[in-house]
Structures are given as C-alpha cells and as structure tokens.
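Q: Hi! I'm new to this one, could you walk me through it?

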Amino acid sequence: MPVVATTIVFVVGFAICALTYPNFASPRVVMNLLTDNAFLGVVGVGMTFVIISGGIDLSVGSVIGFTTVFLALAIERAGMPPLVAFAAVLLLCALFGALMGAAIQYFELPAFIVTLAGMFLARGASFLLSTESIPITAPFYSELAEHALSFPGGFRLTVPAMIMLATVASGAVLLHFTRFGANVYALGGSRGSAALMGIGVGRTTVLIYMLSSLLAGVSGIVFSLYTSSGYSLSAVGIELDAIAAAVIGGTLLSGGYGFVFGTFVGVLIQGLIQTYISFDGMLSSWWAKIATGLLLFGFITLQQLMLALARRPRPRLSGAVQR
Amino acid sequence: MPGKAMSLALPRSGLPQIVALIVIFAINSFLSPHFLELRVQDGRLFGSLVDVLNRGAPVALLALGMAPVIAMRGIDLSVGAVMAIAGAIAASLADSHALAIVLASALGAGLLCGLWNGVLVALLSIQPIVATLILMVAGRGVAQLITEGRIVTFAAPGLAWLGSGSLLGLPTPVILTLVMLAVALLVVRGSALGLLIEAIGGNGRASALAGVGTRAITIAVYAWCGLCAALAGIIAAADIRGADANNAGLWLELDAILAVVIGGTSLLGGRFSLVLAVLGALIIQAMNTGILLSGFPPEMNLIVKAIVVLAVLLAQSPRLAGLGFLLRGARP
C-alpha cells in the first residue's frame, strides 16, 4: 500500500516534469536518472534491511568515502589490479559492518550511537589515508565507465545503473524469499519474540550490519566509477538520503515492515527532484533539501496515520525511542 | 531527590568527568608548556584555557539543550540545522535592524523549530530520530533559502560583540553559556521539572498514567533545545561576523550528543546532568585543542572522538555493568 502511494507520487511527479519540459521524457534523461542515483540506490537497499530489522546505520556515507579513497590509493599508488582492490575493500567493509553489528548485539548498545561512532571512525580513517582528491586513471576504470548496454529506442544502460538494478533485484529476493529475509522482518517486529521463536538473533543482527556495510562498499565502488576519483569528503550525508529514500518508499522506521522496491522508487523520487531543479535552472539547489524534507514529513505522517488506524487502541509513548 | 534541589554544586557523580578533564589539561600543558598560562590584557583574560572555554561554548549550549531531550529518551538531530537557520536570520537582519529585533527573531525561529520537533514527537508520536531528521534535512535548505546561498556578512558591532566581545574579563560566549546553564539549573532542578523529565524517560506511559503532563513537557523540552541551538547559532555567526548556511553547525549535533553522553546521561533515558553535559562539551573541546597542540594531523580528531564514544558506550553497556559504575559514580 505505501509502495503504491510512493509509485503514484513518482509517476505523477514524472508526468508533471514531462509536461513542463518536453525533453524530460527522453531515454537519455531516464537512464541518467538511474546512473546518477546508482550509488544511492545500492546503499538504500542495505539501509532498508537495517531499518526493517529495527536498527539504523549512520556510517554508510563514511564507508562510501573510505572506499573511494582506499580504491584510489590501492589502484593508483600501490598498483593493485582494480578487481583485487574491489575484493579487498569489500572484505574490509564487511568486517567493519560485522564489528558494528557485534557491538550492537553483544554489548546491547543502541544501533544509532554505535554506527555514529562507526561514521567517525570510517571518515577519520579516510582522512588519514588522504585528504586530497585522487584521480583514478587505470584503463580498466575508463573502460567500465564507457561500457554500456544499448537498447532499442536510445536507452543506454551504464555499468553503475546495472549494478544498482542487480543489487535491487537480489536485495528484493534476499529480503522477500529467503529465511534470512524472514528473520530480518521478525527481528523488526520484536527481538524478544524472534529470540523465543528460535531465530539466531545475534547472528542475524551481525549479518544485517555486515550486509549494509558491504553494500556501502559496493556503493563506494560505483561512486568511484562515476567520479573516476577517490576523495575522503565524498558522499557526506548520504546516510540521510538513504534513510529518507527508505522512508519515502514505505519502510517503517519502527521496523518490521518495508520493501526493497519501495526504497528504489524513493531513490528515483529524490533523483527526480534533483533533475527537475537542474532542468528548471531558476530554482536553487536548496529547494531539493526542502522538498525532500516535505516529502519525508508527508510520508511519515501517512505512516503514523495508517499505524493509528491499524492498531486503534494503541498506548501512547511520547518522547520514547522505540527499540 | 530533595537533597539535589537548588544545588548549584557539581553532582557527586561527576568525578570521572572532572578527572578526565584534568588529565586532558595535564596532557595539553605537557604538550605545550604555555597551555595553563593566563594573562590579563585590556581588562580581559587571555590564554589557551579561556580559548577552550570560548570555542567550547556553542557545543556546550547545544549539549545544554540536548541533555533533557536525551533524558526523555529522545534525540534532536536538527540542532545543527537550527544553528544555521538562526545564524542566517541574525546575519541577514543585523545591519538593518536593532539588536533586540535581530536576537528576538533569531531566537524565535529556534523556538519555532523546537516546537515543530516537539509537536511531531509528542502529538504525532513519531520517533524522535525520524521527527528531527525532517528538520535536519529541510532546515539547512531553509537556511540557504534565507541567505540565498551566499555567505552573508555583517558589520553591526552589537551582534559581533556577542561572538567576540568580553564581559567581566571573560569572552561573551562563555558568559552566555554560564547564564543559560544557571537558568536551566534553576528551572529544572529548582522545581520538580527535572524529576518529571527523568520520569518520562524512565517510562513515558507510566508517567502519563501517573498524571505527568507528558505531552506538554515533551514539547517544552524540544522547544528549549531549539532555543539553545538558536543561541549557539547566533554566537557562531557573531564570531565570524557572517553566516554560512552550508557549514554553520555542520556535524555539531554529533558533538552535542557526544558531550551529553560523556556527561553520563544515559541514551536509554531516565537521568541527566546539565553541569556534566557542559563539562562533556569542554572535554571534547580540550581534546580538539590537545590534538592540534600535539602536532598530530587534525584528521586524527574524528578517530579520537570515535574511540572516546566507543569507550564511554562500553562503560555504559548493560553487559559491562561493573565498568559502568565508573561513569555512574556513587549512584546505585
């Protein structure tokens, strides 16, 4: 139901844009919408898992930044083959996520603050590696950047877009059709009940944060492909965009409910706003932030309304963080 | 807690924080022998110690607002954006309006932002992280809207005095922070309000059933947080005589939360200390200064902060209750 609402918002928004600007509905703009937001889409999938399990991951933006710097240094300075560097950085990211998940699970700390520390740590580590923007000149990179699948009608599917679509598809399968996915929902519904049902709560929590950081690493690879460089300040604040995309896509922040496809549409809506603003030329970039904020507000109010309708006699928990 | 009422003295539980601050000062003075030196020039105190107080003032103000919010099991992610909004308003009005109007509109904007957060949390029952996330995202956009994306500068001496002037030999930001701390202490600990806030954090539903005006208090506490953030924003803008909507207050919400946590306020709600939250802000600032003095690259800052957060968190962890006594001090 929320996914339907989100999709309607996207379709209506796209129709408005297309009516305002005749060039808008061209294959090129549509494919750019996918390419430009690929890194956000990838990281959004991980965030959806985390939020459905009732947690939050604030470290993803920093992990993306770290990944780009690491890749640039490994490929350019250390002369590592790009694919080896990809594997190394993904391994590092997965380990980082697993450590955060373990801290959340075994020390019973709030996810919010653990991943906040993770955010500082990853950003600090990338600053230590390098504070400069390092261009990546490896021929493999330019090949990947140039490579695109052409479809009839002028649609060109770039590598970042392909990675995003593949991530969304496999994320949806993992969440909706596997035991792990069912466990994620169970954890978000109630950790206590999940544990009583015999679900390995600890293992699942660690795996969820591992997945989120791993996807942040993939997103970092996409980001470095997109910009052909590594910079420690890249993707600052992306975690908020990813959370916003998940919420706009109908994922409940209290956990237990959400869809990967919804997040994908949420990412596209944010991309649509950006594209509209660049098409307009008169509107300034800050309207994107205000529009995203308004959308967030609209969808969260909608969620609360539906929640209130769903469980009418509901205890009020003012000022309470639901864990 | 009758013994606590009206007591302006440091709480007994503040020993670890005070020791931490003294240790950091000792390390700093070891790194730079002039660290502890104070001198009076033009009727004003100068020295690294005063500098730590001065630079720490905005985060101390944010922590002052954040502490009761966190004690209610809430969180306010929007304080950085509110700082940017208040700074933008103050800077763009400063040269054309009287100081009183400038301050009133900037502080009023902060109050409104806080009310908005409070209404979302208390009346619409949205989780605090999400409710304040909205303003965190949109607020910076609003601030940029006010400054039209430029860095607005001003020359009005009245406003600039708030950031870089001095009063009674101390920098104005320090005096303002102390005044806010005193006001907050009087209101919160001089009445039952502090106890009620802790009760809401302990169990919101139970307090509501016991007759505590949960909603009104929640809204008021978020409004107070917005007000503190606005004052911090005004000071930050006055200090550099300009408002930068993009960078003012960026990441400071995290520093504020860190300061509150270092100050021994549990993120699980139910207890807080305003004095220790301010002390926490000073500890962070002293650490920043120490890293600069030590000659380490400033990039180390984030890593050190992360390690401190983790250490404090582990000490607070229910699984490591024994260590937790270090921070909880004498309290059971």
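What follows is a friendly chat about the two chains and how they fit together.

Q: What kind of model is this, and how are things numbered?
A: This is a predicted model: local features need pLDDT of at least 70, side-chain atom pairs count only at pLDDT 80 or more, and totals for chains, interfaces and linings use all residues. Residues are numbered from 1 along each chain as its sequence is written, while chains are lettered from A and ligands numbered from 1 in the order in which they are written.

Q: What is the mean pLDDT of chain A?
A: The mean is 84, and 95% of the residues of chain A reach 70 or more. pLDDT is the predictor's confidence in each residue, from 0 to 100.

Q: Which elements of chain A have the lowest and highest mean pLDDT?
A: Strand β2 (residues 148-151) of chain A has the lowest, 76, and α3(A) has the highest, 92. Helices (H or I, at least four residues) and strands (E, at least two) are DSSP runs, numbered from the N terminus.

Q: Okay, over to chain B. How many helices and strands are there in chain B?
A: Chain B has 14 helices and six strands. Its radius of gyration is 19 Å, close to the 20 Å that the globule rule gives for 332 residues, so chain B is as compact as a globular protein of that length. That radius is taken over C-alpha atoms, and the rule is 2.2 Å times the number of residues to the power 0.38.

Q: How much of chain B counts as buried?
A: Of its 332 residues, 53% do. Buried means that 20 or more other C-beta atoms lie within 10 Å of a residue's own; exposed means 12 or fewer, partly exposed is in between, and C-beta atoms are placed from the backbone.

Q: How many residues does each chain bring to the contact?
A: Chain B gives 45 residues and chain A gives 44. On the chain B side, the largest share, 13 residues, comes from α5(B). That side divides into 28 nonpolar, 10 polar and seven charged residues. Here Ala, Val, Leu, Ile, Met, Phe, Trp, Tyr, Cys and Pro count as nonpolar, Asp, Glu, Lys and Arg as charged, and the others, Gly among them, as polar.

Q: Back to chain A: is helix α12 of chain A mostly covered or mostly open?
A: Mostly covered: in α12(A), residues 238-248, 10 of the 11 residues are buried. Among them are A:Ile238, A:Val247 and A:Ile248.

Q: What covers the buried residues of α12(A)?
A: The cover includes α1, α3, α4, α13 and α14 of chain A, together with α5 of chain B. Just after α12(A), A:Gly250 takes a positive phi of about 95 degrees.

Q: Now A:Ile300. Where is it, and what does it touch?
A: A:Ile300 sits in helix α14 of chain A. Not counting residues up to four places away in sequence, A:Ile300 touches A:Val247, B:Ile126 and B:Val130. Two residues are in contact if their C-beta atoms, placed from the backbone, lie within 7 Å.

Q: Why is A:Ile300 called buried?
A: Because A:Ile300 has 22 other C-beta atoms within 10 Å.

Q: Last one: how many of the residues of α11(A) are buried?
A: 22 of the 27 are, so α11(A) is largely enclosed by the rest of the structure. Just after α11(A), A:Ser228 takes a positive phi of about 50 degrees.
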